[in-house]
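Biologist: Before we discuss this model, please show me the sequence and the structure together.

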Amino acid sequence: MEIQYKEKVTEFLESMKRINKFNKLKSENNSDNSFSVNLKVSGYNELNLMVSSLLKASIILLNDDARSQATFSFNEADNNVMTLLEIALQLLPEDEMEVLDDLHEIYLSNAK
């Protein structure tokens, strides 16, 4: 059983060398093992709008008084929340989730 498990792990690691599934985090080549995540924007204006939306949506979501005193419409607030969701979608590590499925399968086969 132990040999089969080691073989599966070795096979998995070899497949990781052939097919790079770890694409979301980019190494910063620092000694502190930090990474960066790319966020696609069309320019500085879109980046500014994203950050502004993040701040506005956070204020609205965290403060009931801010909702009643908001200088922007709730339609705009909905757009801010939509921007938050779009950013979250960009940050999801889709390829990496496939790797977790593969690891989970190896774990389950060893647990039997």
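Biologist: How much area does the protein chain expose, and what share do carbon and sulfur atoms supply?

Modeller: The protein chain exposes about 9100 Å², of which carbon and sulfur atoms supply 55%; accessible areas come from the Shrake-Rupley method with a 1.4 Å probe, and for residues only the protein chains shown count as cover. This is a predicted model, in which local features need pLDDT of at least 70 and side-chain atom pairs count only at pLDDT 80 or more, while totals for chains, interfaces and linings use all residues. Residues are numbered from 1 along each chain as its sequence is written, and side-chain values use heavy atoms, with hydrogens and water left out.

Biologist: What is the mean pLDDT of the protein chain?

Modeller: The mean is 78, and 86% of the residues reach 70 or more, where pLDDT is the predictor's confidence in each residue, from 0 to 100.

Biologist: How do you know that the span of helix H2 agrees with its number of residues?

Modeller: The expected span is 1.5 Å times one less than the number of residues, so the 19 residues of H2 (residues 44–62) should span 27 Å, and the end C-alpha atoms are indeed 27 Å apart. Helices are DSSP runs of H or I with at least four residues.

Biologist: Which residues of H2 are called buried?

Modeller: Met50, Ser53, Ala57 and Ile60 are buried, that is, under 20% relative accessible area, whereas exposed means over 50%. Seen down the axis of H2, these buried residues fall within an arc of 105°, so they line one face of the helix. On the other side of H2, Tyr44, Asn48, Leu55 and Leu62 are exposed.

Conventions: Helices (H or I, at least four residues) and strands (E, at least two) are DSSP runs, numbered from the N terminus. Buried means under 20% relative accessible area, exposed over 50%, partly exposed in between (1.4 Å probe, protein chains only). The arc is that of the directions from the helix axis to the C-beta atoms.
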